[in-house]
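User: Hey, got a minute to walk me through a model? I'd like to hear about the helix packing, then the empty space, then any odd backbone spots.

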Amino acid sequence: MRFAFKTANQNTTWADILAVWREADDIELFESGWVFDHFYPIVGDPAGPCLEGWVALAALAQATRRLRLGAMVTGIHYRHPAVLANMAVTIDIISGGRLELGIGAGWNELESGAYGIELGTLRERSDRFEEACQVLISLLSQEVTDFSGSYYQLSDARNEPKGPQRPHPPIVIGGGGEKRTLRTAARYAQHWNFSGGTPADFSRKRDVLHAHCADVGRDPAEIVLSAHVQLEGDDVAGAAASAAALGAEGLDLAIVYLRPPLSPAILAPLAEALAPLA
């Protein structure tokens, strides 16, 4: 099993996020780091402070040398996929080819409604997400993109320069919708993230994903399987036990979710607890 970490960019400071990432960059066990993409805190008081994820990623790309990095995951309705494609290429270049492009259909009604950003029904979200995946992949890999969909229309569209990862940065799709999201992941993702639940829940969703892969002619081995693992306080043994239980069901990458208050001091004992599972 491989390991990563995620810093919730809510109810914290840039200094604390930066300290954790710099420490993790020197610990080989952690292969990647992740932020979330929300404008309001999603745990606790929604009126609390929350730093914007993609701006943070650009800074973290400069502040680290080794870690792969991404947002887990970006609600596609927040930014037009053509804008997001330009952002992704730029961070891929800044990081020297370390970006993982995490995307999802979107779910947060509170912040979407507050900002007047159209979220839509579940079906509309899934339809829009399917189109956005096609637009992103084309803009990241093709010289010119033409696209005529219900949500997005592009004509002779360019996105230059391309990033160092070819044909494009890995597409990471988060979500567990069994009819639509997992089918979209089977078609387009190099990495699928299970946001949380029991090992049995993970196992069921994995099997649904693999069934969709069979339907679309995709080798399921091409898709990395990851899941969030919660770290409660300093209970590194508990986090390791949770990772081990998911690993027994075929998990490839355990992403340990670090909650505020963030401290780099937790990383060494966490890595020690996880190392026997690697």
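User: Let's start with α1 and α2. What angle do their axes cross at?

Analyst: Bear in mind that this is a predicted model. Helix α1 covers residues 14–25 and helix α2 covers residues 53–63; their axes come within 10 Å and cross at roughly 40°.

User: Oblique or roughly parallel, then?

Analyst: Oblique. The cut-off for roughly parallel is under 35 degrees, and α1 and α2 are therefore oblique to each other.

User: And the hand of that crossing, left or right?

Analyst: Right-handed, as α1 passes α2.

User: Which residues meet there?

Analyst: On the α1 side you have W14, I17, L18, W21 and R22, and they meet A56, A59, L60 and A63 of α2. Sorted by class, that contact has 8 nonpolar residues, no polar ones and 1 charged.

User: Next pair. How far apart are the axes of α2 and α3?

Analyst: They're 9 Å apart, and the two helices pack at an angle of about 15°; α3 is residues 81–94. α2 and α3 are therefore roughly parallel to each other.

User: Is that crossing left-handed or right-handed?

Analyst: The α2 and α3 crossing is left-handed. From α2, the contact uses W54, L57, A58, A61 and Q62, and from α3 it uses L84, M87, A88, I91 and I94.

User: What's the class split for α2 with α3?

Analyst: It comes to 9 nonpolar, 1 polar and no charged residues.

User: OK, and how do α3 and α5 pack?

Analyst: Their axes are 9 Å apart, at an angle of about 40°. That makes α3 oblique to α5, and the crossing of α3 and α5 is right-handed.

User: Who's touching whom between α3 and α5?

Analyst: P81, A82, L84, A85, A88 and V89 come from α3, and they meet A132, V135, L136, L139 and L140 in α5. By class, the contact of α3 with α5 is 11 nonpolar, with no polar and no charged residues.

User: Switching to empty space. How many cavities of 30 Å³ or more are there?

Analyst: There is 1 cavity in that range, and the largest cavity holds about 30 Å³ of space.

User: What lines the largest cavity?

Analyst: Its lining is V89, D92, L140, K162, G163, Q165, R166, P167, H168 and P169. V89 and L140 also turn up in the contact of α3 with α5. The cavity lining divides into 4 nonpolar, 3 polar and 3 charged residues.

User: And how much space is in the largest pocket?

Analyst: About 690 Å³. The lining of that pocket has 31 residues, and the closest to its centre are V73, W107, G174, G175 and S195.

User: Which elements give two or more residues to that lining?

Analyst: Those would be β4 (74–75), α5 (122–141) and β10 (224–230). α5 gives the most, with 3 residues.

User: How does the pocket lining break down by class?

Analyst: There are 9 nonpolar, 17 polar and 5 charged residues in the lining of the largest pocket.

User: Last topic, backbone oddities. Where is V73, and what kind of peptide bond joins M72 to it?

Analyst: V73 sits in the loop between β3 (68–71) and β4. The bond joining M72 and V73 is cis, with omega about -20°. V73 is also one of the residues closest to the centre of the largest pocket.

User: What about the bond from E160 to P161?

Analyst: Also a cis peptide bond, with omega near 0°. P161 is in the loop between β7 (153–157) and β8 (171–174).

User: And what's the phi of N11?

Analyst: It's positive, about 50°, although N11 isn't a glycine. N11 lies in the loop between β1 (2–7) and α1.

User: Why flag those spots?

Analyst: Because most residues other than glycine have a negative phi, and most peptide bonds are trans.

Terms used. Residues numbered from 1 in each chain as written. Predicted model: local features only at pLDDT ≥ 70, side-chain atom pairs only at ≥ 80, totals over all residues. Heavy atoms only, no water. Axes fitted to C-alpha atoms, helices over the stretch in contact; angles between N-to-C directions. Helix = DSSP H or I, 4+ residues; strand = E, 2+ residues; numbered from the N terminus. Parallel < 35°, antiparallel > 145°, perpendicular 65-115°, else oblique. Left-handed = near helix turned anticlockwise from the far one by under 90°. Contact = heavy atoms within 4.5 Å. Nonpolar A, V, L, I, M, F, W, Y, C, P; charged D, E, K, R; others polar. 1 Å grid on protein atoms, 1.4 Å probe; cavity = no way out; pocket = protein on both sides within 12 Å on 5 of 7 lines; lining within 4 Å. Points joined across faces, edges and corners; volume = space filled by probe spheres on them.
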